[in-house]
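Dear colleague,

I am handing over the structure we spoke about, which you will find just below. Please read the notes after it with the coordinates open beside you.

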Amino acid sequence: MSALRSQFSQSLKELRVQFCQTSPASSGLRDFVAKNYTSIKTANPELPILIREASGTEARIFARFDKGVEQKMSFENKPTDEIEKALAQLVKSA
């Protein structure tokens with residue numbers, strides 16, 4: 001978790017998190033957001049982090065970088081620890 005509690009690269013401009021508020025396939029991402037949002041936002045106060053809950057939505061995270069480059073990762077049926085590792089890798093890819 002240490003990588004996510006530190007400041008992200010300046011080339012990361014926005015994180016968008018989308019998931020279904022009731023689907024079992026989104027439960028890992030819901031738990032991840034509930035446990036880690038505060039520490040990530042504290043370490044990166046200027047970074048916009050948008051949380052979208054919508055019925056039937058796939059659990060996924062979009063990362064927008066410099067020059068409008070976007071990367072998307074799907075987290076359907078993924079446990080919290082796997083989401084943490086994948087997100088750390090995603091933000092390092094900036």
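The notes below go through the sheet, the helices, the core, the cavity and one residue of the sheet.

This is a predicted model, in which local features need pLDDT of at least 70 and side-chain atom pairs count only at pLDDT 80 or more, while totals for chains, interfaces and linings use all residues. Residues are numbered from 1 along each chain as its sequence is written, and side-chain values use heavy atoms, with hydrogens and water left out.

Helices (H or I, at least four residues) and strands (E, at least two) are DSSP runs numbered from the N terminus, and two strands pair if DSSP finds at least two bridges between them. Four strands make up an open sheet of mixed pairing, in the order E2-E1-E3-E4. Strand E2 (49-53) and strand E4 (70-74) are at the edges with a single partner strand each, so one side of each has no neighbour in the sheet. From one strand to the next, the twist averages 15 degrees. Strand E1 (residues 12-19) pairs with strand E3 (residues 60-65) in the antiparallel sense over six bridges, and Gln-18 stands opposite Arg-60 in E3.

Helix H2 (residues 27-43) lies across E1, E2 and E3 and runs at about 150 degrees to E1; axes are lines fitted to C-alpha atoms, for helices over the stretch in contact, and angles run from 0 to 180 degrees between N-to-C directions. Helix H3 (residues 80-92) packs on the sheet, where H3 touches E1, E3 and E4 (contact means heavy atoms within 4.5 Å).

The largest nonpolar core (buried Ala, Val, Leu, Ile, Met, Phe, Trp, Tyr and Cys residues joined through side-chain atoms within 4.5 Å) has 21 residues, and Phe-8, Leu-12 and Leu-87 are among those with the most contacts inside it. H3 gives the largest share of this core, five residues.

The largest cavity (a set of points on a 1 Å grid over the protein atoms alone where a 1.4 Å probe fits but cannot get out, lining residues having an atom within 4 Å of a point) is lined by residues including Leu-15, Phe-32 and Ile-51. H2 supplies the largest share of that lining, four residues.

Finally, Ala-63 lies in strand E3 and counts as buried because its relative accessibility is 0% (buried means under 20% relative accessible area, with a 1.4 Å probe and protein chains only). The C-alpha atoms of Ala-63 and Leu-15 are separated by 4.7 Å, although these residues are 48 residues apart along the chain.

With best wishes

Key
Buried means under 20% relative accessible area, exposed over 50%, partly exposed in between (1.4 Å probe, protein chains only). On a 1 Å grid over the protein atoms alone, a cavity is a set of points where a 1.4 Å probe fits but cannot get out, and a pocket is an open set with protein on both sides within 12 Å along at least five of seven lines; lining residues have an atom within 4 Å of a point.
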